[in-house]
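User: Please take a close look at a single helix of this model and at the backbone around it. I would like a connected account of how its residues are placed.

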Amino acid sequence: MPKKILFFLMFLIAINGSFFQSAMAADKDSIKTVTLAVKNMTCRMCPITIRKSLKKVDGVISASADLDSKTATVKFDTHKTNIAALIAATTNAGYPSSVK
Ligand SMILES: [Cu+2]
């Protein structure tokens, strides 16, 4: 009897493990990074404003903006948002952007 229970537990652990792995794989596939060319960046405050506007978008994992290269790099979950929403966010903040 205890041996049966042990096998049952091992079976459950194996099932959960494979479910967990497939969930992780699906999440990894949905994460994308895009670099946007951003207009109107003039001073050191601009990248901060752009970064904030991007981080407000649900599904954005991380965002950075660079004054020198006039770009923003955004890591996002494609299940939750898309590039059009990211462009809309910077545009609404006063910085029209496009995919670089
Ligand atoms: Cu500025």
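Analyst: On one side of helix α3, Ala84 and Asn92 are exposed. The model is a predicted one, and the description that follows rests on that prediction. The helix spans residues 83-92, and its buried residues are Leu86, Ile87, Ala89 and Thr90. Viewed down the axis of α3, these buried residues fall within an arc of 155°, so they line one face of the helix. This spacing can be set beside a general property: an α-helix has 3.6 residues a turn, so residues three or four places apart point the same way. Ala84 and Asn92 are on the other side from that buried face.

The partners of the buried face come next. The buried residues of α3 pack against two strands, β1 (31-38) and β3 (71-77), as well as against helix α2 (45-55) and strand β4 (97-99).

The backbone also deserves attention. Just after α3, Gly94 adopts a positive phi of about 105°. Positive phi values also occur in residues other than glycine: Asn40 has a phi near 75°, and Lys70 has one near 55°. Asn40 belongs to the loop between β1 and α2, both of which are elements that the buried residues of α3 pack against. Asn40 counts as partly exposed because it has 15 C-beta neighbours inside 10 Å. Lys70 lies in the loop between β2 (60-66) and β3; here β3 is again one of the packing partners of α3. With 19 other C-beta atoms within 10 Å, Lys70 is likewise partly exposed, since a residue is buried if 20 or more lie within that distance.

Conventions: Residues numbered from 1 in each chain as written. Predicted model: local features only at pLDDT ≥ 70, side-chain atom pairs only at ≥ 80, totals over all residues. Buried ≥ 20, exposed ≤ 12 C-beta atoms within 10 Å, placed from the backbone. Helix = DSSP H or I, 4+ residues; strand = E, 2+ residues; numbered from the N terminus. Arc of directions from axis to C-beta. Contact = placed C-beta atoms within 7 Å.
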